Amino acid sequence: MSIFERQWREGLQAKKDAGLWRQHRTLNSPQGVNVNVDGRLLLAFCSNDYLGLANHHDVKHAAIDAINAAGVGSGASHLVIGHHREHELLEEELAEFTQRDRALVFSSGYMANLAVVSTLAGKSDTVLEDKLNHASLIDGGLLSGARFQRYLHNDSASLERYLQRFHQQNQQTQQKEYTQRKQLVVTDGVFSMDGDVANLNEISRLCQQNDACLMVDDAHGLGVLGPEGRGSVADAGLGQEDVPVLVGTFGKAFGTSGAFVAGSNELIEYIIQMARPYIYTTAMPPSIAAATRASLKLVQQADNKRAHLKQLIYQFRQGASQLGFELMPSHTAIQPIMIGDTHKAMALSQYLENEGILVTAIRPPTVPDKTARLRVTLSANHRFDEVDELLETLAQAQVAGLV
Ligand SMILES: *Cc1c(COP(=O)(O)O)cnc(C)c1O
């Protein structure tokens, strides 16, 4: 056995022993609230399709029409010949939606974050990130080669200490402006595994005080929060001046796939010219851009869906706390039930699945040690009686002694 194979075998066994084995299931139906998973019909509370647009008629038909008009593959990167009219129109519409000068489309959020963070910060800079930021933001920070510091979760005092420390060091060295250490602060708008919202007003104030640039990844806020679903940044009343770098993804409330960054003309042009993860990859298929344009329209008109979602969130929180479950300080569609122990979280998830309900257990390293949880997510397509069914099954699990 080669040294590599031995390492693979041991590494895999260690994952299994720690209860951290991951396995994908196979979906045999469209994404939705009622899904066919490996041949079984399940009621699902685990997708990020918060508005139920992944299988929406208008979105599907926009994609089908665009395939008929533009074919399937984009054929090249944006800067070669892959930039289709559908991408161009989507970017214009996103700039208007986010009330920013310009937007730029990527084929995934992971790549958008790698591109933006690693392009805006370099070896002589500092990147400050919330401890619970999405992995792609952390990886972007590491790829940038900048001095990398994580601050305590949503703790502006912790952020302020680092900002001031680096700001002072910077002034002491009295470097010429163009060689100064820049500070980039990066946060999720809505934290993906906890559901809480970043304290954006405070963070943006601190950034302005300390000459730092603020980047917000609003993957889980767009479509769900704010006027017309404009997200957590708009909900906090903040504009391009306050949050110069805004990232959003299409794989969540938009129900499609891909991502964008929005900001000033200079920011977008800088990323186009400099960002390797933008330059050296094939453009998303034009049909996905077309589908996303259709979902952007629906997102803006989705006040009724958002109102229903809000009621479902209230219903779930009321019911689950009455049962004595530990919830998190979240008013978004992400409503985790804190369990702690990894094996216990797995057992509860398995119990629910046996009863026909799908809720995934989220374990380390996705979340910190000893904070395994069931990540319940709600969708505007859920009905009140379906949330009742989830609550009743959770109550049964308590009776069965699983929690
Ligand atoms: C899902 C997610 C991403 C990654 O987006 P993909 O398009 O799935 O690659 C980035 N940031 C956050 C906060 C996310 O939740």
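## A walk through a two-domain chain

In this predicted model, P365 sits in the loop that runs between β13 (361–362) and β14. The peptide bond that joins P364 and P365 is cis, with an omega of about 10°. A second backbone detail concerns D211, which is not a glycine and yet has a positive phi of about 55°; D211 is placed in the loop between α8 (200–209) and β7 (212–217).

From these two loops we can step back to the chain as a whole, which has 15 helices and 14 strands. Its radius of gyration is 22 Å, close to the 22 Å that the globule rule gives for 403 residues, so the chain is as compact as a globular protein of that length. Measured out along the principal axes, the C-alpha trace spans about 65 × 55 × 50 Å.The domain assignment divides the chain into domain 1, which is made up of 21–51 + 303–399, and domain 2, which covers 57–300. Taken over C-alpha atoms, the centres of domain 1 and domain 2 are separated by 27 Å, and the contact between them takes 20 residues from domain 1 and 21 residues from domain 2.

How much area is buried between domain 1 and domain 2? The value is about 1,500 Å², and carbon and sulfur atoms give 62% of it. On the side of domain 1, the residues that lose the most area to domain 2 are Y50, R306 and T332, which together account for 31% of what that side buries.

Polar and charged pairs also link the two domains. Between domain 1 and domain 2 there are 8 residue pairs in polar contact, counting pairs with both residues at pLDDT 80 or more, and the count of salt bridges between domain 1 and domain 2 is 1. Side chains of opposite charge can pair when their charged atoms come close. In the case of R373 and D194, the side chains meet in a salt bridge at 2.8 Å, N to O.

Which elements give two or more residues to the side of domain 1 that touches domain 2? They are α13 (303–322), β11 (334–340) and β14 (372–377), and of the elements on this side it is α13 that gives the most, with 3 residues. By residue type, the side of domain 1 that touches domain 2 divides into 10 nonpolar, 5 polar and 5 charged residues.

Salt bridges can also be followed through the whole structure, where a search finds 12 of them. One further pair is R102 with E269, whose side chains meet in a salt bridge at 2.8 Å, N to O. Because R102 lies in strand β3 (residues 102–106) and E269 in helix α10 (residues 265–274), this pair ties together parts that are 167 residues apart in sequence.

Key. Residues numbered from 1 in each chain as written. Predicted model: local features only at pLDDT ≥ 70, side-chain atom pairs only at ≥ 80, totals over all residues. Heavy atoms only, no water. Domains from an automatic or database assignment. Contact = heavy atoms within 4.5 Å. Buried area = accessible area lost by both parts, 1.4 Å probe. Salt bridge = Lys/Arg side-chain N within 4 Å of Asp/Glu carboxyl O. Polar contact = N/O pair within 3.5 Å; in protein donor to acceptor, adjacent residues only side chain to side chain. Helix = DSSP H or I, 4+ residues; strand = E, 2+ residues; numbered from the N terminus. Nonpolar A, V, L, I, M, F, W, Y, C, P; charged D, E, K, R; others polar. Rg over C-alpha atoms; globule rule 2.2 N^0.38 Å.
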